[in-house]
Amino acid sequence: MLGTLLIGLVMVVATGQFRFEADGRVPAQPVFTAPEFTLGAQLELLVPLAMTVLVVQNGQGIAVLRQAEHDPPINSLAVASGAFSIVNASVGAVSACVTGPTNVLLTASGQKQRQYTAAVTYGVLSLVFALFAPVFTRFMLATPEAFVLALGGIAMIKALQGAFVTAFSTRFTFGALVTFVVTVSGLDLFNIHAAFWGTLFGYVVSRVLEPQDHLGLH
């Protein structure tokens, strides 16, 4: 991945597609955002975000951690997600949650004793990137959009491979397929993201068409 990044940057610069404009304060300075409560925001944002964070994102993250032979504390993760989401919201940032893709990357080595070190390293690097966010953002904007998209896709290849092997190798295969198709379709109903509908439709289809796979789960 690092080699791909370096070679890609060299090619972008060599072809004259790198246009960097120095701007922004370093380190980044968070700006407090005063809360404003409206009924429309509660209906359009609160419910979808709660479903996405607690059901979709945390659900994926917990499933990944369990697959990696960890025992994540579900209640503690839910409380922490809510508490840090409040902190993030005060500076206009996104909700905090236990994301599936991040945990897939952190557990990708398959060596359990190294995954804690990976998580700590990820946390430290996240803080560094947050402090110098204006610079890194300018660097990203200075490169072609296709390069950023390709880099992100390459980074997720191994994670996607592991997810596909897990999803389609044992039970609930048709439900997993429906979940994947609906999610990547970008379906957006009632201002709720496709990730939620993918999980919901996948579960319902699996319950109806794969009843034998659900035997013995309760």
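These legends walk through several views of a predicted model.

**View 1. The whole protein is built from helices, with no strands at all.** Ten helices and zero strands make up the fold. Read from the N terminus, the order of elements is simply α-α-α-α-α-α-α-α-α-α. The C-alpha trace spans about 60 × 45 × 35 Å along its principal axes. There are 218 residues here, and 21% of them count as buried. If you look at contacts between residues at least 6 apart in sequence, 64% join residues at least 24 apart.

**View 2. Helix H10 runs from residue 194 to residue 209.** This helix has 16 residues. From first C-alpha to last, H10 reaches 22 Å, close to the 22 Å expected at 1.5 Å a residue. Which residues of H10 are buried? They are Ala194, Ala195, Phe196, Trp197, Gly198, Gly202 and Ser206.

**View 3. Seven residues form the largest nonpolar core.** The members to pick out are Val56, Val178, Val182, Ile192, Ala195, Phe196 and Trp197. Two elements, helix H9 (173–185) and H10, each give two or more residues to this core. H10 supplies the largest share, with three residues. Zoom in on Val178, one of the core residues, and you'll find contacts with Phe201, Gly202 and Val205, leaving aside neighbours within four places in sequence.

**View 4. Leu177 sits in helix H9.** Is Leu177 buried, partly exposed or exposed? Leu177 counts as partly exposed because its relative accessible area is 38%, in between the buried and exposed cut-offs of 20% and 50%. For a sense of scale, try the step from Leu177 to Arg207: the two are 30 residues apart along the chain, and their C-alpha atoms are separated by 13 Å.

**View 5. Helices H5 and H6 cross at roughly 80°.** H5 covers residues 112–131 and H6 covers residues 133–142. Two packed helices are described by the angle between their axes and the distance between the axes. In this pair the axes come within 5 Å. Why call H5 and H6 roughly perpendicular? Their crossing angle of roughly 80° falls in the 65 to 115 degree range, so the two helices are roughly perpendicular to each other. On the H5 side the contact is made by Val128, Phe129, Ala130 and Leu131, while H6 brings Ala133, Pro134 and Phe136. Sorted by type, the residues of this contact are seven nonpolar, no polar and no charged.

**View 6. Phe147 of helix H7 touches residues from a distant part of the sequence, including Val12.** H7 covers residues 145–155. Phe147 counts as buried because its relative accessible area, 16%, is under 20%. Not counting residues up to four places away in sequence, Phe147 touches Leu5, Gly8, Leu9 and Val12. Take Val12 as an example: Phe147 and Val12 are 135 residues apart along the chain, yet their C-alpha atoms are separated by 8.3 Å.

**View 7. Ser85 is a buried residue in helix H3.** H3 spans residues 74–89. With a relative accessible area of 17%, Ser85 is under the 20% cut-off and therefore counts as buried. Beyond its neighbours within four places in sequence, Ser85 is in contact with Ser95 and Ala96.

**View 8. Val31 lies in the loop between helix H1 (2–14) and helix H2 (39–67).** Val31 counts as exposed because its relative accessibility, 59%, is over 50%. Even so, Val31 touches Ser90 and Val91, not counting residues up to four places away in sequence. How far apart in space are Val31 and Thr15, C-alpha to C-alpha? They are 37 Å apart, with their places 16 residues apart in sequence.

**View 9. Glu69 and Phe172 each have a positive phi.** Neither is a glycine. Glu69 lies in the loop between H2 and H3, with phi near 70°. At 60% relative accessible area, Glu69 is over the 50% cut-off and so counts as exposed. Phe172 is found in the loop between helix H8 (157–167) and H9, and its phi is near 60°. Phe172 is partly exposed, with a relative accessible area of 25%.

Terms used. Residues numbered from 1 in each chain as written. Predicted model: local features only at pLDDT ≥ 70, side-chain atom pairs only at ≥ 80, totals over all residues. Heavy atoms only, no water. Helix = DSSP H or I, 4+ residues; strand = E, 2+ residues; numbered from the N terminus. Expected span 1.5 Å × (residues − 1). Buried < 20%, exposed > 50% of the residue type's maximum accessible area, 1.4 Å probe, protein only. Core = buried A, V, L, I, M, F, W, Y, C linked by side-chain atoms within 4.5 Å. Contact = heavy atoms within 4.5 Å. Axes fitted to C-alpha atoms, helices over the stretch in contact; angles between N-to-C directions. Parallel < 35°, antiparallel > 145°, perpendicular 65-115°, else oblique. Nonpolar A, V, L, I, M, F, W, Y, C, P; charged D, E, K, R; others polar.
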